[in-house]
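Here is a short briefing to read alongside the structure. Take a look at the sequence and the model first, and then walk through the points below.

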Amino acid sequence: MKTIVAGNWKMNLDPAQSIDLVSSLKAGLVKFPNTECVIFPPYTSITLLSELLSGSIIKLGAQNIHPEESGAFTGEVSALMIKNYCSHVILGHSERRIIFGETDDFINRKVLTSLKSGITPILCVGETLKQREAGLALSVCLDQLIKGLAGIKPENLSQVVVAYEPVWAIGTGMSASPVIAQEIMGSLRNQFSEKISKEISEIPFLYGGSVNADNAIDFAKEKDINGALVGGASLDANAFIQIAKSMVDGK
Ligand code: PEP
């Protein structure tokens, strides 16, 4: 199973700042075996960084796409517009679900569009604190996973990546314990495999939620954690490089 270390920059860094960060990443990130490092800058930096990263081991991804290929969708960006620059796209992030009201059905349409365009979707699932406290963490995540991946042929499932991101751990500095993350991620894999498709066992599952340079190694040691989706710490080159190294060392 390959390891993926993904850096979600969110709505941060203008083009000049993006170039500075990528220059530091290029200088510090070495090629780890069987590992992909992918950064997700804002759209405004994508074409610039694509030139800067030509021939580099660092891949580029987008933070979102619209399900349609083109049309009257003011402010949106389509898979066709980014497919020559981006290998991955983050879909179903809790910020998109909660702040922008994205539904499982809408997210599923984007997942299908990204696959059709040859872009690897990283489908994010995760429960809120209220749902966890009500004992619903696994059922909420499984429901998001099943709905998000609906309509994908089993032979195409290998092109998908899943990220478990408990909402209460995102940007809060309060990461889930590696044991909690492993428990959910292992169960998600097993239950999806029993109910829907065995092919899920072959795709990477990333943990996301306050991953940093100190705690990354403990997540990497868990059996069902194949990488990390990193928000805040991905804006610091040294931290992101250390997380990538820990994700490899811990395996
Ligand atoms: C994220 O936005 O996907 C994320 C995990 O953020 P953070 O690492 O800042 O919690």
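Tyr43 is partly exposed, because its relative accessible area of 35% falls between the 20% and 50% limits. This tyrosine sits in helix α2, which covers residues 43-52. Please keep in mind that the model is a predicted one.

**Around Tyr43**
- Leaving out residues up to four places away in sequence, Tyr43 touches Ala62, Asn64, Ile65, Val77 and Ile82.
- The side chain of Tyr43 also comes to 2.5 Å from the backbone oxygen of Asn64.
- If you would like a long-range reference, Tyr43 and Met185 are 142 residues apart in sequence, and their C-alpha atoms are 30 Å apart in space.

**Salt bridges**
- Across the whole structure, a search finds 14 salt bridges.
- One of them joins the side chains of Glu36 and Lys59, with N to O at 3.4 Å. This pair links distant parts of the chain, as Glu36 belongs to strand β2 and Lys59 to strand β3 (residues 58-62), 23 residues apart.
- Glu36 is buried, since its relative accessible area of 14% is under 20%, while Lys59 counts as partly exposed at 31%.
- Lys2 joins in as well: Lys2, Glu36 and Lys59 are linked in a network of salt bridges.
- Another salt bridge is formed by Glu68 and Arg109, whose closest N and O atoms are 3.0 Å apart. Here too distant parts of the chain are linked, with Glu68 in the loop between β3 and α3 (79-82) and Arg109 in helix α5, 41 residues apart.
- Both partners count as partly exposed: Glu68 has a relative accessibility of 35%, and Arg109 has 34%.
- Asp218 and Lys221 form a salt bridge too, with their closest N and O atoms 3.9 Å apart. Asp218 is partly exposed at 36% relative accessible area, whereas Lys221 counts as exposed, because its 54% is over the 50% limit.

**Helix α10**
- Helix α10 takes in 13 residues, 237-249, and at 1.5 Å a residue it should span 18 Å. Its end C-alpha atoms are 18 Å apart, so the model agrees with the expected span.
- The buried residues in α10 are Ala237, Ala239, Phe240, Ile241, Ile243, Ala244, Ser246 and Met247.
- What covers these buried residues includes strands β1 (3-8), β2 (35-40) and β8 (227-230), along with helices α1 (15-28) and α9 (216-220).
- At the N-terminal end, Asp236 acts as a cap for α10, with a side-chain oxygen 3.0 Å from the backbone nitrogen of Asn238.

**Two loop residues, Ile99 and Ser117**
- Ile99 is found in the loop between α4 (94-98) and α5 (104-116). It counts as exposed because its relative accessibility of 59% is over 50%.
- Together, Ile98, Ile99 and Phe100 make a nonpolar surface patch of about 340 Å².
- Ser117 lies in the loop between α5 and β5 (120-125). Unlike Ile99, which counts as exposed, Ser117 is buried, with a relative accessible area of 12%.
- Apart from neighbours within four places in sequence, Ser117 is in contact with Ala79 and Lys83.

Methods:
Residues numbered from 1 in each chain as written. Predicted model: local features only at pLDDT ≥ 70, side-chain atom pairs only at ≥ 80, totals over all residues. Heavy atoms only, no water. Helix = DSSP H or I, 4+ residues; strand = E, 2+ residues; numbered from the N terminus. Expected span 1.5 Å × (residues − 1). Buried < 20%, exposed > 50% of the residue type's maximum accessible area, 1.4 Å probe, protein only. Contact = heavy atoms within 4.5 Å. Polar contact = N/O pair within 3.5 Å; in protein donor to acceptor, adjacent residues only side chain to side chain. Patch = residues over 30% accessible without salt bridge, like charges linked within 9 Å, V, L, I, M, F, W, Y side chains within 5 Å. Areas by Shrake-Rupley, 256 points an atom, 1.4 Å probe, with all protein chains shown as cover. Salt bridge = Lys/Arg side-chain N within 4 Å of Asp/Glu carboxyl O.
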